[in-house]
Structure formats: structure tokens, C-alpha cells
Amino acid sequence: MQIHWRNAQEIDEQSRDAAVAQLEALAAHHRDLIDLWIDVEPQSAHHRSGPRSVELRCQARGAELVVHGKADELGLALRDALRRFERSVQRLRGERRDARGEPPSA
């Protein structure tokens, strides 16, 4: 899986590294996630308060997953987006497993 960042200057390196580690763990032993974009909504000079937003857009085999995370702090918005993305991936994998008639994994 390729991971691409856009407008991530405001996210500290430790948070980016933690996000990459979480995403790589999610992709481990699977080949369904192909290309992932993490888009950080830039903070405009006009709107300096209010929630921050992070979007994850992933090309997966036979699907496109898009999730948004919002929070007052950018790091929290990233974690929210990652949590939502993980649920979306698990749901997609569960649907594929059900379609093949496989039993759920433990």
C-alpha cells in the first residue's frame, strides 16, 4: 500500500509516524489496500477557530473507501479519521468474507 500525505505540515512527525504504523499494521497480510491519500484541510487565515478536518481516501480492490475525521485539534482529527478508516476496512473485509461464505476470523 502506498501512503501519500497532502498538506500535512501542521501534523508533527511523531503523529505521522504513528498513523503510518497503524495503517501498515492494518494492511499487513492483506493485499486489498492499494493507494491511500491522507488530506489535511489547511487552516485558512479567515477561519482560525472551529473543527479541523482530515480525509482518508483509499483505493482498495473493487472499492474506494473515504472517511473524514473532525476535531478541534488536528491530531485528534487524524486519530478520528484513522479509527473510522479501520472500521470501514474491517466492514469491507467482512462483506467479502460473507460473499465467499467463509467463517469469520477470530
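In the predicted model, R93 is a buried residue, because its relative accessibility is 8% and the limit for burial is under 20%. The side chain of R93 forms a salt bridge with that of D32, with an N to O distance of 2.8 Å. D32 is located in the loop between α1 (13-27) and β2 (33-40), whereas R93 belongs to helix α2, so the salt bridge ties together parts of the chain that are 61 residues apart in sequence. D32 also counts as buried, at 9% relative accessibility. Both partners of this salt bridge are therefore buried, D32 at 9% and R93 at 8% relative accessibility. In general, side chains of opposite charge can pair when their charged atoms come close.

Eight salt bridges are present in the structure. Among them are two that involve D80, one with R83 and one with R84. In the pair of R83 and D80, the closest N and O atoms are 3.5 Å apart. R83 and D80 are both in helix α2 and three residues apart, so about one helical turn separates them. In the pair of R84 and D80, the N to O distance is 3.2 Å. R84 and D80 are likewise placed in helix α2, four residues apart, which is about one turn of the helix. The accessibility of these residues was also computed. D80 has a relative accessible area of 10% and is therefore buried. R83 counts as partly exposed because its relative accessibility is 45%, and R84 is also partly exposed, with a relative accessible area of 36%. Elsewhere, salt bridges with shared partners link D32, R93 and R96 into one network.

The protein chain contains two helices and four strands. Along the sequence, these elements follow the pattern β-α-β-β-β-α. Of the 106 residues in the protein chain, 34% are buried. Among contacts in the protein chain with a separation of 6 or more, 50% are between residues 24 or more positions apart.

The two helices α1 and α2 pack with their axes 11 Å apart, at an angle of about 5 degrees. This angle makes α1 roughly parallel to α2, because angles under 35 degrees count as roughly parallel. On the side of α1, the contact is made by S15, A19, Q22, L23, L26 and A27. On the side of α2, the contributing residues are L78, L82, F85, E86, V89, Q90 and R93. R93 thus takes part in the contact between the helices as well as in the salt bridge with D32.

Interactions of aromatic rings were examined next. A search of the whole structure gives zero aromatic pairs. The ring of W37, however, has the charged end of R6 over it, at 4.1 Å from the ring centre.

Several loop residues were also considered. Most residues other than glycine have a negative phi. N7 is a residue other than glycine with a positive phi, near 60 degrees. The position of N7 is in the loop between β1 (2-6) and α1, and N7 is partly exposed, at 39% relative accessibility. H29, which is not a glycine either, has a positive phi of about 65 degrees. H29 is found in the loop between α1 and β2. With a relative accessible area of 83%, H29 is exposed, whereas D32, in the loop between α1 and β2, is buried at 9% relative accessibility.

E73 occupies the loop between β4 (63-71) and α2 (74-100). The relative accessible area of E73 is 52%, so E73 is exposed, the limit for this class being over 50%. E73 and R52 are 21 residues apart along the chain, and their C-alpha atoms are separated by 6.3 Å.

Definitions and conventions: Residues numbered from 1 in each chain as written. Predicted model: local features only at pLDDT ≥ 70, side-chain atom pairs only at ≥ 80, totals over all residues. Heavy atoms only, no water. Buried < 20%, exposed > 50% of the residue type's maximum accessible area, 1.4 Å probe, protein only. Salt bridge = Lys/Arg side-chain N within 4 Å of Asp/Glu carboxyl O. Phe/Tyr/Trp six-rings, centres within 6.5 Å; stacked < 30°, edge-to-face > 60°. Lys NZ or Arg CZ within 6 Å of the ring centre and 35° of its normal. Axes fitted to C-alpha atoms, helices over the stretch in contact; angles between N-to-C directions. Parallel < 35°, antiparallel > 145°, perpendicular 65-115°, else oblique. Contact = heavy atoms within 4.5 Å.
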